[in-house]
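Visitor: I have a structure open and would like to go through it piece by piece. Can you take my questions as they come?

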Amino acid sequence: PSTNFIKIQQETLKDHLEKIEFVNKSILDWKMNREDIGIVIGMEVLDNLPHDKIVSPTNGNWYEVWAQDNKEKSNIHPEDKIQRLKNISDPIIVKYLQILARYYQIPEDCFSKDGYDERFANLLWHYIANPYVNYETDMFSFNKIKRSFTDLFAYYSGKSSLDMVSYIPTYSLMVLEILKEKLPNHALLFADFDSLDDAMPGNNGPLVQRTKGVESLEALSFLATPGEFDIFFPTSFENLLILSEILQPKKKSRFLSTKQFMRKYADCKATRTKLGFNPLLSD
């Protein structure tokens, strides 16, 4: 929530204020039930939502990562915050992983400490990084057969060191759950980045950045000085679509790249330059 931003919006829309209601709160704090039909529009919102970091070291177990104060600072570890591993127990992390496991027909406890199954856990980890949105409808198609070879390799082989880290969109899941409960008849439209240059290693790794004048400076850790850096996450629209379809199976969901969207809905001929460049399709 931002009082200053609301003031800017009110000034911009001052000629239409009688038709607008401003609600200055986080969607995560939304309490009002609305049965009317409408549209929820989120433009570059998902990339700023918090994510949870999970890791799967070589011993096989999955862990959630916590940041805590560094009470033993030294020349070797001068950071204000350090990372600690805990067995996965956070309810929203568990729910996210169980939803994906259910979608891919994998045992829902395969990643847990008590129910850990290495091969199914490897397969689930593979799907987190390589989602397959037509898993059920492609059951007997060529695409499914082709994907099966990759999936079997993941099932039997294990993960590379880079794949041992994944940032999962747990807060996006929370937003979808709130919208389902509080605004059940609203359509959703999200637009965001599906990849980011200079992002940190790991699946869905964030870009940690601050601006100094006209120059952008990247940090090597999301634990960089709090308040000085912005943290952006790329959006896996494939995984977002899977979450949406599991939570609201009666609603049809789809995603398009910017180029696909513009080709379908924009007049691309009107924006093409004499040299053939088209900002709607190339920028």
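**A chat about the model**

Guide: Let us start with one residue: asparagine 204 is buried, because its relative accessible area is 15% and the cut-off for buried is under 20%. Keep in mind that this is a predicted model.

Visitor: Where is asparagine 204 found?

Guide: Asparagine 204 sits in the loop between β6 and β7, the latter being residues 207–212. Its phi is near 65°, a positive value in a residue other than glycine.

Visitor: Which loop holds glutamate 44, and what is its phi?

Guide: Glutamate 44 lies in the loop between β1 and β2 (52–55). Its phi is near 55°, again a positive value in a residue that is not glycine.

Visitor: Why does glutamate 44 count as partly exposed?

Guide: Its relative accessibility is 46%, and partly exposed covers what lies between the 20% and 50% limits.

Visitor: What about histidine 51, buried or exposed?

Guide: Histidine 51 counts as buried, at 14% relative accessibility. Its place is in the loop between β1 and β2.

Visitor: What does the side chain of histidine 51 reach?

Guide: It reaches the backbone oxygen of leucine 49, at 2.9 Å. Leaving out residues up to four places away in sequence, histidine 51 touches Leu46, Tyr167, Ile168, Pro169, Thr170, Asn204, Phe233 and Pro234. Asn204 in that list is the buried asparagine we began with.

Visitor: Change of topic. How do the side chains point along strand β1?

Guide: They alternate over residues 38–43. Gly38, Val40 and Gly42 point to one face and are buried, while Ile39, Ile41 and Met43 point to the other face and are not buried. In a regular strand, side chains alternate between the two faces of the sheet.

Visitor: Which strand pairs with β1, and in what sense?

Guide: β1 pairs with β6 (residues 186–191) in the parallel sense, over 6 bridges. In one of them, methionine 43 has alanine 191 of β6 as its bridge partner.

Visitor: Now the inside. Which residues touch the most other members of the largest nonpolar core?

Guide: Those are Ile54, Trp62, Ile88, Leu97, Ile106, Phe111 and Leu124, in a core of 42 residues. Helices α2 (91–103), α3 (118–129), α5 (170–182) and α6 (237–247) each supply at least two residues of this core. The largest share, 9 residues, comes from α2.

Visitor: What does leucine 124 touch?

Guide: Not counting residues up to four places away in sequence, leucine 124 touches Trp62, Leu97, Leu100, Ala101, Ile106, Cys110 and Phe111. There is also a second, separate core of 7 residues, including Tyr167, Val208, Ala219 and Ala224.

Visitor: How many aromatic pairs are there?

Guide: The count comes to 7 aromatic pairs. In the pair of tyrosine 103 and tyrosine 104, the ring centres are 4.9 Å apart and the planes are at 85°, so the pair is edge-to-face. Tyrosine 103 and tyrosine 104 are both buried.

Visitor: Which residues do ring pairs link into a cluster?

Guide: Trp62, Phe111 and Trp125.

Visitor: And what lies over the face of tryptophan 66?

Guide: Lysine 86 does, at 3.7 Å from the ring centre.

Visitor: Last one. How many helices and strands does the chain have?

Guide: The protein chain has 8 helices and 9 strands. Buried residues make up 35% of its 283 residues.

Definitions and conventions: Residues numbered from 1 in each chain as written. Predicted model: local features only at pLDDT ≥ 70, side-chain atom pairs only at ≥ 80, totals over all residues. Heavy atoms only, no water. Buried < 20%, exposed > 50% of the residue type's maximum accessible area, 1.4 Å probe, protein only. Helix = DSSP H or I, 4+ residues; strand = E, 2+ residues; numbered from the N terminus. Pairing = 2+ DSSP bridges. Core = buried A, V, L, I, M, F, W, Y, C linked by side-chain atoms within 4.5 Å. Contact = heavy atoms within 4.5 Å. Phe/Tyr/Trp six-rings, centres within 6.5 Å; stacked < 30°, edge-to-face > 60°. Lys NZ or Arg CZ within 6 Å of the ring centre and 35° of its normal. Polar contact = N/O pair within 3.5 Å; in protein donor to acceptor, adjacent residues only side chain to side chain.
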